Amino acid sequence: FGASNIEDLEWKLILDAYACIMCYRCQEVCPAYETGKVLSPAAMEINKRYYLNAAGSKLAAGDKSELPLTEFAISPEAIWACTAFGACIDICPVGNEPMRDILQIRRSLVLMENDFPEQLQTAFRGMERTLNPWNVPPTERLKWAEGLDVPTIELNPEPEILWWVGCAPATDARAQKTARAFTEILQAAGVNFAVLGEQEQCSGDSARRAGNEFLFNEMAIANVELLNSVDPPRIVTTCPHCLHTLLNEYPEFGGNYEVIHHSQLIDELIENGRLMIEPGTNQSLAFHDPCYLGRQNDILDEPRRVLTRTQNNLIELSRNGRKSFCCGAGGAQMWKEEAEGNTRVSAERFKEAQEANADILAVGCPFCMVMLNDAKNETESNLEILDIAEIVVKNQGKSSSGNHH
């Protein structure tokens with residue numbers, strides 16, 4: 001599994017070493033590098049090239065490489081500092097993909113060497129035993145919905161949309177508020193929806209980004225089997241990581257679904273006149289693009305359209321859209337201590353939000369919510385951090401909200 005030596009990488013990733021033009025753009029946009037961690041995607045490509053220049057003829061003759069990648073290309077510490085943010089791939093003028101090397105090396109460390117940060121063990125164990133990294137038993141999967149009328153797929157087998165709630169909204173106290181707000185929106189708009197309830201388990205995103213490909217495969221196969229039996233016309237998620245995994249990674253397991261983000265569904269409901277929004281007070285609002293929503297899946301306009309309808313005053317952060325900056329949670333960083341550096345990735349991003357002078361910071365991802373709130377708690381800031389769904393509920397028009405109180 002994965003790559004421990006350079007010949008274990010697929011040919012394209014080996015060729016990257018020679019394609020690299022040493023412009024260092026990948027390094028400049030890397031959240032780990034920018035906050036003082038030891039990771040430089042450019043240095044990794046250049047180190048690969050030096051090694052191949054020295055040992056290439058031996059390797060070409062079929063000899064094994066003498067050193068593992070972690071001894072010349074990139075250090076183990078740097079491997080675990082990556083947030084799988086993807087900006088290095090997005091910005092590279094020659095199409096290199098350094099993040100893919102890093103994830104391949106992680107796979108080898110986890111599955112072949114059993115060598116990975118201790119804190120990830122808890123998340124792995126949770127996904128193995130209770131089917132989610134928070135270690136919450138499936139019987140408590142619907143606790144967040146107490147007092148709300150949230151139909152499961154057993155009660156409503158033919159919904160117009162299946163809501164994949166996700167582990168965070170089901171288990172994390174802060175993200176549960178997003179789930180409750182989104183429920184209110186679906187009910188106000190008269191959407192015929194259902195959730196999987198106790199049958200829902202983690203999509204496996206954190207397992208795959210942490211290099212535990214074996215665990216990801218098990219979860220993906222089980223989820224695809226379940227989803228194919230339900231056969232939903234569409235799936236909505238409030239978590240971009242779930243969206244990315246279900247939409248882009250499940251097809252290789254035989255799961256092909258139309259998957260949308262809750263900001264897209266809200267935008268559609270407003271467009272179709274099913275949801276009324278009244279522009280709120282003139283508080284200024286900034287939007288933090290989650291990396292798995294914006295850059296990885298190109299969902300940029302819908303969240304902004306929704307937010308502009310709630311507040312006329314939408315401010316862009318200095319890095320936004322496809323060039324947004326990381327919250328620090330991706331690449332399974334959510335489950336471990338951040339690598340040593342000058343500052344936390346989340347603190348860097350929160351500072352940017354403060355500099356924008358907004359009253360509210362809107363997010364569309366439960367991981368971003370956790371990380372940016374943690375960063376906020378270390379400051380004196382009054383900046384309010386809310387999910388798009390929570391902001392919409394605050395500004396719901398009178399005509400649509402009369403029927404569900």
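**Aromatic contacts around Trp134**

In this predicted model, Trp134 has a relative accessibility of 22% and therefore counts as partly exposed, since the buried class is reserved for values under 20%. Trp134 forms a tilted aromatic pair with Phe367, with 6.4 Å from centre to centre and 50 degrees between the planes. This pair joins distant parts of the chain: Trp134 belongs to the loop between H9 and S1, whereas Phe367 lies in helix H18 (residues 366-376), 233 residues apart. Phe367 counts as buried because its relative accessibility is 7%.

The structure contains ten aromatic pairs. Among them is the pair of Trp134 and Trp335, which is edge-to-face, with a centre-to-centre distance of 4.7 Å and an angle of 85 degrees between the planes. Here, too, distant parts of the chain are linked: Trp134 sits in the loop between helix H9 (120-129) and strand S1 (161-164), and Trp335 sits in the loop between strand S6 (314-316) and helix H17 (345-355), with the two positions 201 residues apart. With a relative accessibility of 15%, Trp335 is classed as buried.

A cluster of aromatic residues is made up of Trp144, Trp163, Phe182 and Phe193, which are linked by ring pairs. Charged side chains also contact aromatic rings. Arg295 lies over the face of Phe85, 4.0 Å from the ring centre. The ring of Phe325 has the charged end of Arg319 over it, at 4.0 Å from its centre.

Conventions
Residues numbered from 1 in each chain as written. Predicted model: local features only at pLDDT ≥ 70, side-chain atom pairs only at ≥ 80, totals over all residues. Heavy atoms only, no water. Phe/Tyr/Trp six-rings, centres within 6.5 Å; stacked < 30°, edge-to-face > 60°. Helix = DSSP H or I, 4+ residues; strand = E, 2+ residues; numbered from the N terminus. Buried < 20%, exposed > 50% of the residue type's maximum accessible area, 1.4 Å probe, protein only. Lys NZ or Arg CZ within 6 Å of the ring centre and 35° of its normal.
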